[in-house]
Amino acid sequence: MTRTSLLLSLAIIFSMDAAHGNIPSAIKVVENRNTWKSLTLFGSHMMADDPLTEGPDPNSKLVGWAQGLYGSASQHDISLIMALSFGFVDGDYSGSSVSVLGRKSAASRVREMPVVGGTRVFRLARGYAVAETYWLNVLIGDAIVHYNVTIVHY
Ligand SMILES: *[C@@H]1O[C@H](CO)[C@@H](O)[C@H](O)[C@H]1NC(C)=O
């Protein structure tokens, strides 16, 4: 039997989510015919391809992409169910990815989502991603989110 030890990695990244502009990084792909009647936009579904950067400045170094789906999953408050792959293209984790799947309530400033797996250096990953809004413009739908991802992997 071989013994392998677990590693703990931390990734501090910022995601730039832009719903406006000529080439938005998050677009609505599906909604129910009743979605517009819902105060929580229940049923609305977005596809995102958001740059992940090293710092909160959109011009800071690009380290990866947060690609996936998020949809409005609650009829009682604004909360999203998110299924995202954080794929790294630069830095220590280049070529590897982690998958994040979980619910995120828009009402709370700090949200937590499970890391359910990963590839390459993050194989067999488990962990959690703590998301904190760094900047938000609700009128145009753009947001900069700080992610602190704690990952246990082989
Ligand atoms: C990130 O999370 C880890 C573990 O939860 C914590 O020790 C660390 O202080 C956090 N770092 C930042 C910058 O929030």
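**Strands, pairing and a ligand shell**

Mentor: Strands E3 (residues 45-53) and E4 (residues 62-72) pair in the antiparallel sense over 9 bridges. Keep in mind that this is a predicted model.

Trainee: What makes E3 and E4 count as paired strands?

Mentor: Pairing needs at least two bridges found by DSSP, and E3 and E4 have 9 bridges, so the criterion is met. One position to look at is Ala48, which stands opposite Gly68 in E4.

Trainee: Why does E1 pair with E3 as well?

Mentor: Here there are 2 bridges, in the antiparallel sense, and the rule asks for at least two, so E1 and E3 qualify. Phe14 has Thr53 in E3 as its bridge partner. Strand E2 (residues 26-30) is also joined to E3, by 4 antiparallel bridges, with Lys28 opposite Met46.

Trainee: What are the elements of the protein chain, from the N terminus on?

Mentor: The order is β-β-β-β-β-β-β-β-β, with 0 helices and 9 strands.

Trainee: How do you know that the radius of gyration agrees with a compact globule?

Mentor: For 154 residues the globule value would be near 15 Å, and the chain has 16 Å, which agrees.

Trainee: What makes Leu10, Ile12, Asn148 and Thr150 the surroundings of the ligand?

Mentor: The cut-off is a C-beta atom within 6 Å, and Leu10, Ile12, Asn148 and Thr150 surround the ligand on that basis. Strands E1 (7-17) and E9 (142-153) each supply at least two residues of this shell.

Trainee: How does the shell divide by residue type?

Mentor: Into 2 nonpolar, 2 polar and no charged residues.

Definitions and conventions
Residues numbered from 1 in each chain as written. Predicted model: local features only at pLDDT ≥ 70, side-chain atom pairs only at ≥ 80, totals over all residues. Rg over C-alpha atoms; globule rule 2.2 N^0.38 Å. Nonpolar A, V, L, I, M, F, W, Y, C, P; charged D, E, K, R; others polar.
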